[in-house]
Structure formats: structure tokens, C-alpha cells
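Work through the exercises below with the sequence and the structure at hand, and try each task before reading its solution.

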Amino acid sequence: MEDELIPGLPQEIARECLIRVPFDAFRTVQAVCKLWKHDLESASFLRHRKSVGLDRPVVVLAQSEPAPGEKSYPSPLLYRLALFQPATGAWSSLPPIPGRPHGLPLFCQLAAVGRELVVVGGWDPRTWAASDEVHVYDLVSGAWRRGVHMPGPRRSFFACAASEERAAVFVAGGHDESKNALRSALAYDVAADAWMQLPDMARQRDECRGVFASGGFHVVGGYPTEAQGQFSQSAETFDVAAWRWGAVEEGRLEEAACPRTCVVGGDGRVYMCRQAGQAVVVEEGGGAWRRVADLPREVRVALQMVAWEGGFMVLGSGTQCGAQVAYILDIESGEGEGMKWRKVELQRAYSGHVQAGCCFHI
């Protein structure tokens with residue numbers, strides 16, 4: 001009886017019950033008994049949940065926090081981790097990083113590896129000094145741990161993407177504390193809590209974007225030290241199996257603009273928001289991009305995009321310093337005129353500016 005997950009039920013039936021617990025009830029279920037806590041925190045729990053199609057997207061955002069009272073936002077802005085579940089529309093906040101009373105590092109990068117959220121780098125919100133810190137949060141156990149510091153120069157505005165297969169976070173480019181654009185690249189093994197040095201890229205890339213697709217770490221856009229703010233349309237891809245960079249891909253991007261909205265959809269294709277045409281486009285290969293859907297007029301400035309299997313969310317505002325809004329697009333419903341944006345209800349507590357985001361399937 002003491003070893004039974006649910007007294008009187010076979011273990012396999014009891015486990016079928018547990019994998020159907022909604023994500024936002026995990027913490028409650030873990031508190032019931034040690035057996036349930038152990039089962040939910042086991043590696044097999046999420047694998048089983050995914051194998052029977054019970055996993056759901058969970059979006060994590062680095063979002064500014066509204067101030068209490070009439071003032072819209074505190075000064076300086078405090079950022080925290082907000083969690084959004086597209087299937088239910090539910091919002092919540094993750095526990096703050098221990099020992100960080102002044103909030104999340106500004107401009108930090110977020111990466112999803114299995115059930116762990118990796119927070120890399122950023123700026124100290126009090127001094128604006130670049131940070132090399134790494135913090136890891138387990139979405140199932142609800143526990144934070146500190147990772148080993150990112151080696152090399154303290155970098156800002158770097159490309160960052162996670163490989164589920166390698167259970168690693170890849171980092172490249174950005175700039176050092178003297179505003180020199182970087183070519184160097186690294187990979188963080190989350191389980192081993194260890195960094196690995198990658199070969200350098202062919203070009204310096206500040207404010208580049210990183211995505212992981214087809215076994216490669218794609219670093220797109222960015223600019224060198226001597227061309228501040230002049231974004232390139234080129235890209236470089238690190239082949240993880242061969243452990244080397246491919247040739248520079250000239251004209252990979254459709255336009256010479258900030259690539260921060262570039263994401264990989266659940267279909268493995270690369271999407272981004274076209275700056276000139278105010279539309280979402282998908283990469284067709286060979287430098288060609290195709291329009292998928294026009295952006296809602298309310299979402300045109302300070303855009304962020306997060307993708308998951310079957311859809312994605314775009315966040316931003318209609319004007320500079322305008323109210324934050326968010327829309328979801330279901331990419332399984334076809335393309336063009338047949339695609340419909342669904343507006344996300346934003347409570348005031350979750351209406352702040354978003355600097356970064358990633359998505360889990362839990």
C-alpha cells in the first residue's frame with residue numbers, strides 16, 4: 001500500500017491519472033505525498049505525457065512589472081518572469097531568482113531545455129553592468145539553481161537558442177563591455193552545468209538572432225563593430241554533428257533589419273515579422289520569404305514573437321510607448337485570408353513590455 005501511487009489501482013492506471021493533471025496543478029499534486037512528487041519529477045513523466053499527446057505549450061516571458069497605484073510602470077523598470085498557457089489563456093508569475101531583489105537582469109536571454117528554463121546574461125538593473133550569470137529553473141519541481149558563469153568577455157545582445165536533442169543552450173556574437181562586436185560562440189550543457197567553446201564565426205555579429213533548426217544553430221543578421229546599427233542580411237549556421245560553421249549565407253534575410261522576431265515554428269520552418277510590410281513571413285529557402293499573414297494594426301512596434309507546435313504569439317504595441325497587446329495565430333488553419341488572429345486578454349499585471357520569450361511543451 002505504501003508504494004502504490006493510488007491505493008487500490010495498478011501502477012500503470014494510477015500513472016495514467018497523474019499524467020492528465022494540468023500543468024498549473026503540478027505544485028499542488030507534488031505536495032500530496034512523496035510518491036507523487038517523485039513520479040512527477042521523474043524524467044519518464046513528461047516523456048509519457050508527450051507520447052500520448054497530453055503536453056501543452058507553456059510560454060515564458062521576460063516582462064516588465066507594473067507599479068502599484070496609478071503609475072503605469074515603476075522607474076526604473078523591474079522585470080520578472082511571466083508564464084502564459086495558450087490553451088487556457090491563464091497567466092501567472094514564476095518565483096523570482098533567489099538573491100535578486102531588483103528583478104530579472106535587463107536584456108537577458110531565455111532558453112527552454114526539456115523542463116528547465118535557462119536565463120543567460122543580461123544587465124544588472126541597478127548599474128547596467130553586463131552579467132555573465134546563468135540561472136536555471138525547473139518548471140516541474142519549481143526550484144531554482146545557479147549555473148556556472150558564462151566564460152569569456154561579458155557579452156550583451158547575443159544570439160541564443162536551445163537544442164532539445166543536445167539538451168544544450170548555444171550562444172554566439174553580441175558585443176563586449178567596450179561595445180566591440182564578437183565572433184566567438186559557446187554551448188552550455190544544462191545537465192552537466194558546463195560550457196564548451198565553439199569555433200568562432202566568420203563575421204562579427206552584434207544584436208544577432210539565434211534559432212535552432214534541422215540540427216544546426218542558425219545565427220542571423222547582426223552587424224560588425226565598424227557598422228553600428230547597420231544590420232546585415234547574412235547568416236551563419238553551426239552544424240552540431242560536424243562541430244563546425246558552414247559558409248556565410250549572403251542574403252539569407254529578406255531585409256536588412258533587426259532580426260529579433262525570428263523564430264522556428266513547430267513545423268521546423270523559420271518565421272519572422274517583416275518590418276517593411278507589417279506581415280509575418282516564412283522562409284522558403286534560397287533567400288526567398290513568403291507572406292503568411294498581415295499583422296494586426298495594434299501590433300507594430302517593439303515586437304516579440306514566440307512559436308510552438310501549431311501556432312505562435314506576437315506581442316507589441318501600435319505606437320511607441322503604446323499599450324502592450326498580444327495576438328495568437330493558428331498556423332494549422334491554412335494561410336492567407338483564411339488565417340485569423342485571436343487577441344489575448346492581458347490583465348494589467350501582465351501588460352508590461354516584453355524583452356524575451358521562449359516556449360516549453362509540458
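**Exercise 1.** How many disulfides does a search of the whole structure find?

*Solution.* The model is a predicted one, and a search through the whole of it finds zero disulfides. To see why, begin with Cys17, whose sulfur is 13 Å from the closest cysteine sulfur, that of Cys33, and this is too far for a bond, since a disulfide needs two cysteine sulfur atoms within 2.5 Å. Next take Cys258, which is in no disulfide either, the nearest cysteine sulfur being that of Cys208, 10 Å away.

**Exercise 2.** Decide whether Cys17 and Cys258 are buried, partly exposed or exposed, given that partly exposed lies between 20% and 50% relative accessible area.

*Solution.* Cys17 has 39% relative accessibility and therefore counts as partly exposed. Cys258, at 24%, also counts as partly exposed.

**Exercise 3.** Describe the aromatic pairs that involve Phe170, and say which parts of the chain they link.

*Solution.* The structure holds 20 aromatic pairs. In one of them, the ring centres of Phe170 and Phe212 are 5.5 Å apart and the planes stand at 40°, so the pair is tilted. Because Phe170 lies in strand 9 and Phe212 in strand 12, this pair ties together parts that are 42 residues apart in sequence. Phe170 also pairs with Phe238, again in a tilted arrangement, with 6.4 Å from centre to centre and 45° between the planes. Here strand 9 is linked with strand 14, which holds Phe238, and the two residues are 68 apart.

As a last step, consider accessibility: Phe170 counts as buried at 1%, and Phe238 counts as buried at 0%. Phe212 is buried as well. Ring pairs join Phe170, Phe212 and Phe238 with Phe217, Trp243 and Trp245 into a cluster.

Definitions and conventions
Residues numbered from 1 in each chain as written. Predicted model: local features only at pLDDT ≥ 70, side-chain atom pairs only at ≥ 80, totals over all residues. Heavy atoms only, no water. Buried < 20%, exposed > 50% of the residue type's maximum accessible area, 1.4 Å probe, protein only. Phe/Tyr/Trp six-rings, centres within 6.5 Å; stacked < 30°, edge-to-face > 60°. Helix = DSSP H or I, 4+ residues; strand = E, 2+ residues; numbered from the N terminus.
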